[in-house]
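Good morning, and thank you for making time for this presentation. I would ask you to keep the sequence and the coordinates in view while I speak.

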Amino acid sequence: MNMRFCKQRRQLAVDVDAVSRVIAATQLASGEIPWSPGDKTDPWDHVEAAMGLVVGGYFEQARHAFSWLRTMQLSDGSWFSAYRQGVPADRTRDTNMSAYIAVGVWHYWLVTGDGRFLESMWETVRRAIDFALRHQRPGGEIAWAISPQGRLDPMALLTGCSSIYMSLKCALATAAQLAIDVPAWATAYRRLGEAIRHHPTLFNMTKSRFSMDWFYPVLCGAVTGQAADRRIDRQWKKYVVEGLGVRCVSDQPWVTIAESAELVLALSAMGDMEKANIIFSWLSEHVFEDSSFWCGFTFPDMTLWPEEKIAWTNAVVLLAADALFGLTPAAHLFSHAGWDQK
């Protein structure tokens with residue numbers, strides 16, 4: 001435990017230590033972090049879980065998680081979409097899942113200032129970003145995946161591309177910190193941002209029922225300022241269930257803790273701390289006896305579903321707490337104003 005954050009943690013409704021321990025207990029000896037014990041592992045959620053470990057001060061375990069990714073990286077810079085104890089369970093190669101390691105690596109460096117770690121992970125990050133950018137389309141959007149049979153699916157997903165935008169942002173910051181020039185990345189980043197902001201028809205519109213399609217363009221910082229305010233306000237009632245949290249899907253009575261915590265991150269990134277704190281306050285009731293968070297629940301019957309303790313769900317709650325209460329030096333990771341100052 002890093003003692004410099006203890007004072008802030010004692011003031012939290014969230015038991016950061018207890019939540020961190022749940023994530024750490026889920027990690028396998030190899031460094032892999034499945035969704036829950038006995039469940040699958042995907043690269044994106046593995047990185048998210050590692051970021052939760054960093055917020056909790058579990059730096060050695062987080063480095064072990066990144067080491068697992070470095071070992072498992074494929075020759076083209078990607079990872080398979082799912083593993084079970086290191087064995088591929090889904091050989092789809094997803095551009096967003098692969099690129100997200102850049103966010104985790106930059107987050108670790110922001111918290112620890114460990115330059116040797118940043119240098120050791122650079123080649124892994126570079127290859128992952130290059131994999132994603134090889135599949136950028138003429139309009140700036142990025143195709144979502146290569147099938148197990150090796151065929152590119154040209155469909156672009158708004159949530160996935162928004163996440164890649166954040167990954168590119170962090171990858172460019174890493175390159176700058178290491179004094180490495182990557183002009184092609186900067187060009188790709190600008191093109192992707194333009195696509196997200198101005199060309200919604202480039203993306204698969206059938207996914208717009210998912211709340212992440214609503215707030216991820218804001219969370220990643222592609223949409224900012226008054227445009228971000230309008231986007232959040234326009235669909236607030238469609239996704240937010242007052243007093244409970246955020247629907248995963250607009251037409252289903254299912255609130256998920258992860259989407260609720262990510263909306264907290266998006267609101268805090270915009271600087272709307274009042275709404276962010278309100279949403280976050282709703283989450284504190286939805287915990288197990290060990291203080292870890294539920295995955296989700298149906299309403300109005302308030303049935304817990306699913307019942308597993310999900311590592312990455314608990315991790316994003318920690319990231320949201322960090323954004324609100326400044327637990328670590330990475331508290332402003334998603335802040336629009338923070339990136340504007342770089």
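I shall begin with the overall fold and then turn to the aromatic pairs, the charges over rings and the salt bridges.

Please bear in mind throughout that this is a predicted model. The protein chain contains 16 helices and ten strands. Its radius of gyration is 19 Å, which agrees with the value near 20 Å that a compact globule of 342 residues would have. Along the principal axes, the C-alpha atoms fill a box of roughly 45 × 45 × 40 Å. Of the 342 residues, 59% count as buried. The exposed area of the chain is about 14,100 Å², and carbon and sulfur atoms supply 52% of that area. As for contacts between residues at least 6 apart in sequence, 67% join residues at least 24 apart.

Let me move to the aromatic side chains. How many aromatic pairs does a search of the whole structure find? The search returns 18. One of them joins W68 and Y83, and it is edge-to-face because the ring centres are 5.5 Å apart and the planes stand at 80°. W68 belongs to helix α4, residues 59–72, and Y83 to strand β1, residues 82–84, so the pair ties together parts that are 15 residues apart in sequence. Both W68 and Y83 are buried.

W254 and W305 also form an edge-to-face pair, with 5.0 Å from centre to centre and 65° between the planes. W254 lies in strand β8, whereas W305 lies in the loop between β10 and α15; the pair therefore ties together parts that are 51 residues apart in sequence. Is W305 buried or exposed? Its relative accessible area is 49%, so W305 counts as partly exposed.

There is also one aromatic cluster formed by W214, F215, Y216, W236 and Y239. Within that cluster, W236 has a charged neighbour: K275 lies over its face, at 4.9 Å from the ring centre. Elsewhere, the charged end of K309 sits over the ring of F288, 5.4 Å from its centre. K309 appears again among the residues that S36 touches beyond four places in sequence, together with T26, E308 and I310. S36 itself is in the loop between α2 and α3, and at 3% relative accessibility it counts as buried.

I turn now to the salt bridges. Side chains of opposite charge can pair when their charged atoms come close. The whole structure holds eight salt bridges. In one of these, D39 pairs with R84, the closest N and O atoms being 3.9 Å apart. This pair links distant parts of the chain, with D39 in the loop between α2 and α3 and R84 in strand β1, 45 residues apart. D39 is partly exposed at 23% relative accessibility, and R84 is partly exposed at 41%.

R209 and D251 meet in another salt bridge, at 2.9 Å from N to O. Each partner lies in a loop, R209 between α9 and α10 and D251 between β7 and β8, so the bridge ties together parts that are 42 residues apart in sequence.

Where do E123 and R126 lie? They are in helix α7, three residues apart, and are therefore separated by about one helical turn. Their salt bridge brings the closest N and O atoms to 2.4 Å. E123 and R126 are linked with D130 in a network of salt bridges.

Definitions and conventions. Residues numbered from 1 in each chain as written. Predicted model: local features only at pLDDT ≥ 70, side-chain atom pairs only at ≥ 80, totals over all residues. Heavy atoms only, no water. Phe/Tyr/Trp six-rings, centres within 6.5 Å; stacked < 30°, edge-to-face > 60°. Helix = DSSP H or I, 4+ residues; strand = E, 2+ residues; numbered from the N terminus. Buried < 20%, exposed > 50% of the residue type's maximum accessible area, 1.4 Å probe, protein only. Lys NZ or Arg CZ within 6 Å of the ring centre and 35° of its normal. Rg over C-alpha atoms; globule rule 2.2 N^0.38 Å. Contact = heavy atoms within 4.5 Å. Areas by Shrake-Rupley, 256 points an atom, 1.4 Å probe, with all protein chains shown as cover. Salt bridge = Lys/Arg side-chain N within 4 Å of Asp/Glu carboxyl O.
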